[in-house]
Structures are given as structure tokens and as C-alpha cells.
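These are my notebook entries on one protein structure. I set out to look up its charged pairs, its open and enclosed spaces, and its nonpolar interior.

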Amino acid sequence: MGRVTGALARLTDRRFGTLAGLIALGLTLSLLSPHFLTTSNLLNVFEQTAINAIIAVGMTFVIVSGGIDLSVGSLVALSGIVLALALQAGWPAPVAVAAGIATGAACGLVNGTLITLGRLPPFIATLGMMSVARGLALVLAEGRPISGFDGGFRALATGSVAGLPMPAVVMIIAFIVGHVVLTRTRFGRYVFAIGGNEEATRLSGVSVGFHKSLVYVVSGAASGLAAAVLTARLNSAQPIAGLMYELDAIAATVIGGTSLMGGEGSLGGTLVGALIMGVLRNGLNLLGVSSFVQQIVIGAVIIGAVLADTATRGRLRRR
């Protein structure tokens, strides 16, 4: 009886509920479309999900700490342009990729500094950075796309490992590294503590400002890595790239069970949330649903996830 009760409790746990939702969504789409469960389509889902999922790794750190980062989409554009200019200047591909990631991390550090030292709310600080980074990308690129890279760099998108496309491989590595950092390091424990009760964490002697800044550096670096994958995939860096990416990253994180109130979440859940977004988009495309209706459906899913989070929080407070 105890085992049955435990199993039911796990099924009602939101993390397992999200995974059950992904399975149910996959089964439903496989019945509605004969093309959904083909190997090529499933690999396509992984490849298309990779960029938003990599950004969501950084977003999970931010939201667990109780913050929000609205600048990630613009950081993808700026990092991609810096990377492309470095490649055009003849820099080796690994160095150019590192320059793109460093650009994202540097912007994240500015976000963190404005929030911790400037006492700006995360919403305002990252909203401002969203505009600044987009403007910088347009200025550096003179408003035009930068394209034409060699095959070595493009292997970041066209290569594969054990049959998995390289963007999916990069995504999996990013999630493994992020999971280890979030669950096995002192920094990860501090991120949860800050999101759960910032004042108590400060009174415990933790340097809250330093660790909160580091969270935004992680988010910026993740955006830079996503920019590298996106630039290689498109064989082009565009200053208008990354529009609305922040919405997808926040949605994947919240759908995956990370609370918008902070202090709770997991990267495993975020990966499932990102896959739900990817599978949903892929399925709607296969069914011929217009992009306008897709926006409505995805928006409804996000609202449902936030309502579930609010209801869960309410139940916990009543206990």
C-alpha cells in the first residue's frame, strides 16, 4: 500500500507530471501524424530545440536565484555578430567561439552589476541590456547579416556524434555541466539559498551580490554558446537574430517546474520543458497549423504552467 501511495505521490509531483505530459503529447502527435515518430523527424526536433534549450540552461540559474533575464535574445544576436567578425578577421574557429561566449558573459556581468551594486530590479536591468545589446549588434554589423564561414566552424551545426546532430550534442553537454554545477557545487547551493530566502542567506555570511552577479554571467555565457550554434547552423550571423528567445527560455524553465518565485527547480525539468516546446511546435507544423495559431497554443501552455506553479505554491503554504 505504501508503495502504491508513493507511486501516486510521484505521479502528482510536478516534475514527473511534466515528463508524463511530454510522453502524452508525443503519443497524441504520433496518432495524429504518421511522420511524427520517424527517426529523421525526432532528430529534427532535437536539433531545433537545441538553441532555446541551451539558453534555458542559463535562464534556470537566474530564475532559481529569484531573478529574470530578458536580454538573452539580444545577447544571442550580439554574441553571434562578434563571433562572425572574429571569423572574418581570420581568428581560429575555437577562439572566435570563445570570443562570442565571452561577449555574452561580459554583458551578463553588466546585468549582475546593475542588479547587485546599482540596486536595479532584474526586470529593468535586463530590459535595458536587451535594447543596448541589440543596438550594439546592429552598429557592429552595420545592420546587415554577416555570412560565409569555412567548413571547420560549420561542423558545429553540420557534424554529428553517434548519429546525434552536433547541436543536440552541445545541448546535452550544456545540461550535464549545468546540472553538476547546480547540484554538486557550493555555488549551486548558494543559488538555491538566495532564491529561497535572500536575507537569511546574506545573514549566513554568503556573498549574495557576488553569487547573484555570477548567475547572470552564466546566463550570458549560455546565450553566447547558443549564438555559436545558431550562427553555424544558419551560416550567417544576423543582428536581428534571437527575437523572442527570452520568452521560449523562460517558458521552458517554468514548464519544467522551476518556480518563478525562486529557490526551486532543476535542469532535468528544464530539458523536459524545452522538449515539450519543441515537440509542440514540430507537431503543430506537421498538422499544418498556422504560425498565428501556434503562438496562441504556446501562450496558453505558458499560462497553464504559471497557474500550476501558483497552485503548487498555494498548497505548500496551506500545509
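**Entry 1: Charged pairs**

I began with R281 and D248, whose side chains meet in a salt bridge, with N and O 3.1 Å apart. I noted that R281 belongs to helix α13 and D248 to helix α12, so this pair ties together parts that are 33 residues apart in sequence. I must record here that the model is predicted.

I then asked whether each partner is buried or exposed. R281 is partly exposed, because its relative accessible area is 24% and the partly exposed class lies between 20% and 50%. D248 counts as buried, because its relative accessibility is 11% and the limit for buried is under 20%.

A search of the whole structure gave me 6 salt bridges. Another one of them joins R233 and E47, with the closest N and O atoms 3.8 Å apart. Since R233 lies in helix α11 and E47 in helix α3, this pair ties together parts that are 186 residues apart in sequence. R233, at 29% relative accessibility, counts as partly exposed.

I also looked up K212, which forms a salt bridge with E198; their closest N and O atoms are 3.4 Å apart. K212 lies in helix α11 and E198 in helix α10 (residues 198–203), so the parts tied together are 14 residues apart in sequence. K212 counts as buried at 15% relative accessibility, whereas E198 is partly exposed at 28%. Salt bridges that share partners join E198, E199, R202 and K212 into one network.

As a general note, side chains of opposite charge can pair when their charged atoms come close.

**Entry 2: The largest pocket**

Which residues lie nearest the centre of the largest pocket? I found Q48, N52, Y245, D248 and R281 there, among the 23 residues of the lining. Both partners of the salt bridge between R281 and D248 are thus named in this group.

The largest pocket holds about 540 Å³ of space. By class, its lining has 12 nonpolar, 8 polar and 3 charged residues. Helices α3 (39–64), α11, α12 (245–255), α13 (267–286) and α14 (291–318) each supply at least two residues of this lining. Helix α13 gives the most, with 6 residues.

**Entry 3: The cavity**

I counted 1 cavity of 30 Å³ or more, and the volume of the largest cavity is about 60 Å³. Its lining includes V76, A77, L230, T231 and A237. Which element gives the most to this lining? It is α11, with 4 residues. The elements α4 (72–88), α11 (208–234) and β4 (236–237) each supply at least two residues. The lining divides into 7 nonpolar, 4 polar and no charged residues.

**Entry 4: The nonpolar cores**

How many residues does the largest nonpolar core have? I found 58, and those with the most contacts inside it are I51, I55, F61, V215, I250 and V279. The largest share of this core, 13 residues, comes from α3. I followed I250 further: leaving out residues up to four places away in sequence, I250 touches M59, I63, I68 and L70.

A second, separate core has 22 residues, including I81, A133, F149 and A237. A237 is also one of the residues that line the largest cavity.

I close this entry with a general note: in soluble globular proteins, nonpolar side chains tend to be buried together.

How values were computed
Residues numbered from 1 in each chain as written. Predicted model: local features only at pLDDT ≥ 70, side-chain atom pairs only at ≥ 80, totals over all residues. Heavy atoms only, no water. 1 Å grid on protein atoms, 1.4 Å probe; cavity = no way out; pocket = protein on both sides within 12 Å on 5 of 7 lines; lining within 4 Å. Points joined across faces, edges and corners; volume = space filled by probe spheres on them. Nonpolar A, V, L, I, M, F, W, Y, C, P; charged D, E, K, R; others polar. Core = buried A, V, L, I, M, F, W, Y, C linked by side-chain atoms within 4.5 Å. Buried < 20%, exposed > 50% of the residue type's maximum accessible area, 1.4 Å probe, protein only. Contact = heavy atoms within 4.5 Å. Salt bridge = Lys/Arg side-chain N within 4 Å of Asp/Glu carboxyl O.
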